[in-house]
Amino acid sequence: MKRALKLLVLLLVIAGFANAQEKDPKIFSPEPEYDFGEIIEGETVNHEFVIMNKGEGKLVIERVRASCGCTAAMPTKKELEPGESAKIKVKFDSKGRYGQQFKHVYVFSNDPENSYLKLTFRANVVAKLSNQNPESAPNIELEKNKIDFGEIEEGALKEAAVKIKNSGKSTLVIRDIKSTCGCTAALISSAQIDPGKENELKVKLDTKGREGELVRTITIFSNDPDNPKQVITVTANIIRKK
């Protein structure tokens with residue numbers, strides 16, 4: 001009799017545990033990624049992500065954290081019963097940003113299987129169109145559009161420089177420099193270049209951990225209304241140390 005009673009209690013505990021497991025909340029978004037497409041630098045855009053509770057228990061949103069360059073408000077509801085949904089408004093300010101942008105918003109909740117849900121949006125930020133008179137506008141000129149380091153041994157640190165000249169009639173402003181090559185690129189003095197003057201873009205390539213043919217780019221964004229984006233191609237053939 002006692003043995004049967006113990007078995008019954010054990011079965012009830014297991015059933016209760018299984019039932020509790022079934023009642024866990026589950027955070028979900030039907031569209032966790034959004035593309036703003038092409039937007040003009042300085043523009044602020046908004047989007048509302050939808051989140052849902054696809055579990056059996058109550059979903060509690062604890063906090064929302066956004067990556068740099070955007071803000072995200074708490075959802076319209078912090079507690080969602082099974083089947084309920086809410087919206088999270090995300091704002092992205094493109095001022096001072098150029099090119100492809102990838103940002104993330106993290107939604108932390110009491111979902112036991114997923115401590116956070118990652119929402120992603122992207123945008124391609126382009127320079128503003130200018131109504132400036134071409135005769136008084138800045139004009140960017142690059143000494144070259146390609147840097148070929150040739151054959152180099154893995155682990156070597158290589159450097160090169162490209163002269164940037166302003167052949168226009170007003171100050172040239174280098175707004176941003178982006179690299180995809182695992183290298184660094186920086187102007188040696190000022191980001192502003194007066195008419196008739198030039199500056200030098202210094203490029204450093206660290207080949208540590210790389211091997212084989214390398215083809216990457218450095219993109220320069222400026223206030224030249226006709227050529228707001230200039231691309232420098234970086235190439236190298238990296239060989240293993242002997």
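# Exercises on side-chain pairs and strands

The structure holds 10 salt bridges, and the model in which they are found is a predicted one.

## Exercise 1: a salt bridge between two strands

Task: Work out which parts of the chain are tied together by the salt bridge of Glu-48 and Lys-87.

Solution: Begin with the distance, since the closest N and O atoms of Glu-48 and Lys-87 are 3.7 Å apart, and a salt bridge requires a side-chain nitrogen of Lys or Arg within 4 Å of a carboxyl oxygen of Asp or Glu. Next, place the two residues: Glu-48 lies in strand 3 (residues 44-53) and Lys-87 in strand 7 (residues 85-93), so the pair ties together parts that are 39 residues apart in sequence. Finally, consider accessibility, where Glu-48 counts as partly exposed at 41%, and Lys-87 likewise counts as partly exposed at 41%.

## Exercise 2: a salt bridge that belongs to a network

Task: Find where Glu-79 and Lys-58 lie, and state which residues are joined into one network with them.

Solution: The closest N and O atoms of Glu-79 and Lys-58 are 3.5 Å apart, and the two residues form a salt bridge. Glu-79 belongs to strand 6 (residues 79-80), while Lys-58 is in the loop between strand 3 and strand 4 (59-66), so this pair ties together parts that are 21 residues apart in sequence. Glu-79 is partly exposed at 44% relative accessibility, and Lys-58 is partly exposed at 39%. A further salt bridge, with 3.3 Å from N to O, brings together the side chains of Asp-176 and Lys-178; here Asp-176 is buried, with a relative accessible area of 19%, whereas Lys-178 counts as partly exposed at 33%. To complete the task, salt bridges that share partners join Lys-58, Glu-79 and Glu-81 into one network.

## Exercise 3: rings around Tyr-116

Task: Among the six aromatic pairs found in the whole structure, decide why the pair of Tyr-106 and Tyr-116 is called edge-to-face.

Solution: The ring centres of Tyr-106 and Tyr-116 are 5.6 Å apart and the planes stand at 75°, so the pair is edge-to-face, the cut-off for that class being over 60 degrees. Tyr-106 is in strand 8 (residues 99-109) and Tyr-116 in strand 9 (residues 116-126), with their positions 10 residues apart in the numbering. Tyr-106 is buried at 17% relative accessibility, but Tyr-116 is partly exposed at 43%. Tyr-116 also pairs with Phe-108, and that pair is tilted, with 5.7 Å from centre to centre and 50° between the planes. Phe-108 itself is buried, with a relative accessible area of 12%, and the charged end of Arg-63 sits over the ring of Phe-108 at 3.9 Å from its centre.

## Exercise 4: the edges of a sheet

Task: In the open sheet with the strand order 11-18-17-13-15, identify which strands stand at the edges.

Solution: Five strands make up this sheet, and their pairing is mixed. Strand 11 (146-153) and strand 15 (192-193) each have a single partner strand, so one side of each is left without a neighbour in the sheet, and these two stand at the edges. Strand 17 (residues 212-222) pairs with strand 18 (residues 229-239) in the antiparallel sense over 10 bridges, and Ile-218 stands opposite Ile-232 in strand 18. Gln-230, also found in strand 18, counts as buried at 15% relative accessibility. Apart from neighbours within four places in sequence, Gln-230 has contacts that include Ile-140, Leu-142 and Ile-218.

Conventions
Residues numbered from 1 in each chain as written. Predicted model: local features only at pLDDT ≥ 70, side-chain atom pairs only at ≥ 80, totals over all residues. Heavy atoms only, no water. Phe/Tyr/Trp six-rings, centres within 6.5 Å; stacked < 30°, edge-to-face > 60°. Helix = DSSP H or I, 4+ residues; strand = E, 2+ residues; numbered from the N terminus. Buried < 20%, exposed > 50% of the residue type's maximum accessible area, 1.4 Å probe, protein only. Lys NZ or Arg CZ within 6 Å of the ring centre and 35° of its normal. Pairing = 2+ DSSP bridges. Contact = heavy atoms within 4.5 Å.
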